[in-house]
Amino acid sequence: MKRSPNKDVLFGLYNDETEILSAVHKAKADHLDIYDVFTPFPVHGMEDAMELSESRLHMAGFVYGLIGLLTAFLGMTWIFTSDWPIIFGGKPYWSVPAFIPITFELTVLFAAIGMVVTFYTICGMGPGVINPTLHDRITDDKFCLAFDVTNASDADKSKFQSFLEKTGAEEITQKQI
Amino acid sequence: MSGHISPIREPLITGAKTYHQITEDICGPTERMPSRAWMITFVLAVLGLAFYIFCVTWTIWVGIGSWNLNRTIGWGWDITNFVWWVGIGHAGTLISAILLLFRQKWRTGVNRAAEAMTIFAVICAGQFPLIHMGRLWLGFFIFPYPNTRGPLWVNFNSPLLWDVFAISTYFTVSLLFWYTGLVPDFATVRDRASGIRRKVYDFLAFGWTGSAKHWQRWESLSLILAGLSTPLVLSVHTIVSFDFATSVIPGWHTTIFPPYFVAGAIFSGFAMVQTLMIITRKVLHLEDYITLEHIDSMNKVILATGTIVGVAYLTELFISWYSGYIYEQFAFYNRLMGPYWWSYVGMMSCNVLSPQIFWSKKLRQNIVVTFAMSIFVNIGMWFERFVIIASTLARDYLPSAWSYYSATWVEIGLFIGTLGLFSTCYLIFTRVAPVVAVAEIKSILKNAGDQYVGMKNAHKEHAHAEVEAKSGHDHH
Amino acid sequence: MNAFTFESKHKTFLIGAMILGLVCLVLSYFMDSEPMHVRFWSNYLHNTVFFTGIGFISMFIIAAFTTAWAGWFVGMKRVWEAMSLFLIPGLILFIPIIIGMWGHWHHLYHWADAEAVAADPILKGKASFLNKGWYTFGTLIIVGTWIYFAWKNRQISIAEDEEGEGVADNYAHHRRLRVYAAIFLPIAGFSSAAMIWQWVMSIDAHWYSTLFAWYSSASLFIAAMALTILLLVYLKNQGHFAHITSNHFHDMGKFVFAISIFWTYMWFSQYMLIWYANVGEETIYFRHRFDNYRALFFANLIMNFVLPFFILLRNDNKRKYGPLVFASVLVFIGHWVDYFLMIKPGARLTAIEAAAHHAHGHGGHDHAEHAAEVVRPVFDFAMGFNIPGLLEIGIMIGFLAGFLYFVLNQLTKASLVPQNDPYIDEALHHEVWPYPASEDGGNHHH
């Protein structure tokens, strides 16, 4: 699954996370619109620098967990009180303490699967998905700052170019992705 | 950043690594031809696996009668092995989840391999309840699904069914956690590969790009999965302990079982991680990432959990006397003095006494001693389960039902066979995936690399500062 | 402001609260519907165990964190040092209970009554552990040992302020602290169980549960952590501990959250296993509490699990004073109630039995008859047992005031920030991902 290229980006590579962090801060100060930043590992402070909104994945997880909890608890309740009540070990049909282990397990299972699926879906990833990458060293030791230049004027392009040069980027390249 | 790291913390990455070197060192083994040592071990492992398949086939063909279980002792090696493997399968999640929440940075060197080990150990564990059923082809009956028998449901009140849910949830969540951690590292391997390998890793890497937003979500996801896995890992061995503790059998029915099983699981899991890491770091030349400091820390965990398990053993022993309940008292008398006294002695000496040598830092950092100890602990924890299961069952309420049990070659073969299954999986893993979490190691480099932190650098800075202060004085 | 002064108006206030507690304690001696002045004695024991236990757990926290190379807690460890020294007054508080036991002033423990033991084969079996001698010397020796470690830890920690040379002497003081911490942990593990069995579990003298010691220690851990949060919030409002930021509160909140779940796990494990197996000797404990103390039975779970779980689930709530303080007050009282529920029902039964025994004279109760008497759930409502009355609340306030007076007084004796601790720099720049370290006080949130 590979999508056809539809975007032009101009990017530069930095050698250290401190360099790219200060470049991102500077770009924000200069009101330059960053397309994205690509790094080999999660850079501490990047979400603040890029002014990314807080991830709401945990909210989704809470909802999935709640669904799992209700499924398990209500399911067992229904089965053992109305669908096929059987006495086990002299316990009442509705034996709450005995339902708790399975309720807990399904809560965790639903939350985990739900969140992982959500994560890959909203990130546009999955088995067999091939997203365009800008440079092979990004997953190794280079830190990449990219600008979207699809509809940019030449003046804008040169502004981005000189910004990348000034902030210490190397291998400044334009690429269609 | 590195400015606020205490000088007293030992570096966790040695050899003054750069980011690129880290990539080279860790991804390298997946790109080279395997060494001869790997080949030989792999052949042995596959032979073990083949023997396992043979023994399983034998068990199914001949029936459970090929085992030595009897009416008194209905659980023997099979369930002992099950509990043993599940226990081992706890260290991975513990290292990745609980140590992540406790911000123990040394986990980064070993978490990937430990998580892999967890998954393989749970696969091994899952075999035994299934084989133990006898009629393996009806194994799917354990799942609640709409059926034509009513539908007749499974017994949700049974701890054995809780086990089904616990183990399958644990396996699934561990797998998701492990794989999500692997995705960025697969991308690293992908971007270094070409040809058919590139295609394979393109698939495995799920289209990872390293975008800032993705990293943010990835970190958030890792943290939440860690938060979920922590109670999960506790619940799994807890539920395994419920298999015993919900009964009314003296020696099994005791309330300390849940946390005591969990502590034992962590204990044996860490021992297995030590066994594997000591070999792996040597064979794959990862001594700079899995340092003596890592081994030292894990030995401390072994010492701590060994002692916790010891407290639990003595608590059980004491309370059995304290209870004033003669059957309870006899159960423990039987453990110590009964026909299986040797397994109680083995358990006590391997699990409680021998780890006490780790009070010495010198021994904690000694590779040979650590390796030997890790094997001891594994044996001791096997004994523990055997003590709980077989020695308890051997002495029933009615003396006329008392019995003794020793395993047949089939049962022993199944155990040895799962070691083959486990080793085969682990050996394949070391060939296809980075055995140390590449991205995570890079993210702690500046806080834990030996060119940045540690007493040596602190002394240098200290001396430097003193010289400056002195020259400052001279100027005046 | 690293030096702390204990202002006289605060002293006066706390002394007033202590006097209130004392008055309530004395009143509970007389205002008791149950025999043997059990309301007074059980109140006294309850609070003594609870606050001494918090002192013990504070030392445990220091030892565990030091051993685990934690850096973040160093900025507040002086508070835990001060709290751990409460073991000294704690030991003194036990003396009246011990003397009372020898002097037969109270009937808190059924096994302390020689006649009862003689008529009871189960108690006879336990007599080599449950006896006055062990109780006395166990308490003195074990609490004494804890005090030694708390004292030593405090001494070295303060010496480090003066004499520590950091890198130059290779953090010699800290390394000594580590050794004491590591030795303390196994000693604490073994000895605390023995003490809990004697002090608390043996009140229900026939009953036993192997998990009990771990369960009740988890309870104390949360109470100690919650009390620390409250104390730090108070001291911060007084202008001290400026270096303790919402990041530190976040981590303490996490501990309250996580250990609350752990406590629930222990509670459930103990309850469920006993419920499931349904062995009469064991279920009696919960049967009695469920039938006759139902309000507390459920209050315990709601205060210590349901509410803190939902309040502290959100990260923001662990960083804001409002929800954090609310949750801390809740679980502190919650675990006090948990101990109440461990101690009161058994103490009341023992007193009623002892009174009946005294009334019957030397009647030959055989065992079956004896058990039947215990099972009979025909108790009327008794203030101070079925729920904590105003007197109990007053007594708790009195003990708490005493505890705080002692701790605040200890805080004046050393710098609030340890000076030469190797981790102090980490503690002062502590941050919890994704929150930066600079954020202060928990009040910046919108």
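Beyond its neighbours within four places in sequence, B:Thr254 is in contact with residues of two chains: B:Ala245 and B:Glu316, together with C:Thr210 and C:Leu273. The model is a predicted one, and in it B:Thr254 sits in the loop that links α8 (212-245) to α9 (257-283) of chain B. With a relative accessible area of 7%, B:Thr254 is buried, since the cut-off for that label is under 20%.

The helix that follows this loop comes out as one would hope from simple geometry. At 1.5 Å a residue, the 27 residues of α9(B) should span 39 Å, and the 38 Å between the end C-alpha atoms agrees with this. Most of α9(B) is covered, 24 of its 27 residues being buried. Just after α9(B) comes B:His285, whose phi is positive, at about 55°.

On the other side of the loop, α8(B) packs against helix α4 (residues 96-122) of chain A at an angle of about 160°, the two axes lying 10 Å apart. Angles over 145 degrees count as roughly antiparallel, and α4(A) and α8(B) are therefore roughly antiparallel to each other. The crossing of α4(A) past α8(B) is left-handed. Residues of α4(A) that take part include A:Phe104, A:Val108, A:Met115 and A:Phe119, while among those they meet in α8(B) are B:Trp218, B:Leu221, B:Leu225 and B:Leu228. Sorted by class, this contact of α4(A) with α8(B) has 18 nonpolar residues, two polar and two charged. As a handy reminder for reading such lists, an α-helix has 3.6 residues a turn, so residues three or four places apart point the same way.

Methods: Residues numbered from 1 in each chain as written. Chains lettered and ligands numbered in written order. Predicted model: local features only at pLDDT ≥ 70, side-chain atom pairs only at ≥ 80, totals over all residues. Heavy atoms only, no water. Helix = DSSP H or I, 4+ residues; strand = E, 2+ residues; numbered from the N terminus. Buried < 20%, exposed > 50% of the residue type's maximum accessible area, 1.4 Å probe, protein only. Contact = heavy atoms within 4.5 Å. Expected span 1.5 Å × (residues − 1). Axes fitted to C-alpha atoms, helices over the stretch in contact; angles between N-to-C directions. Parallel < 35°, antiparallel > 145°, perpendicular 65-115°, else oblique. Left-handed = near helix turned anticlockwise from the far one by under 90°. Nonpolar A, V, L, I, M, F, W, Y, C, P; charged D, E, K, R; others polar.
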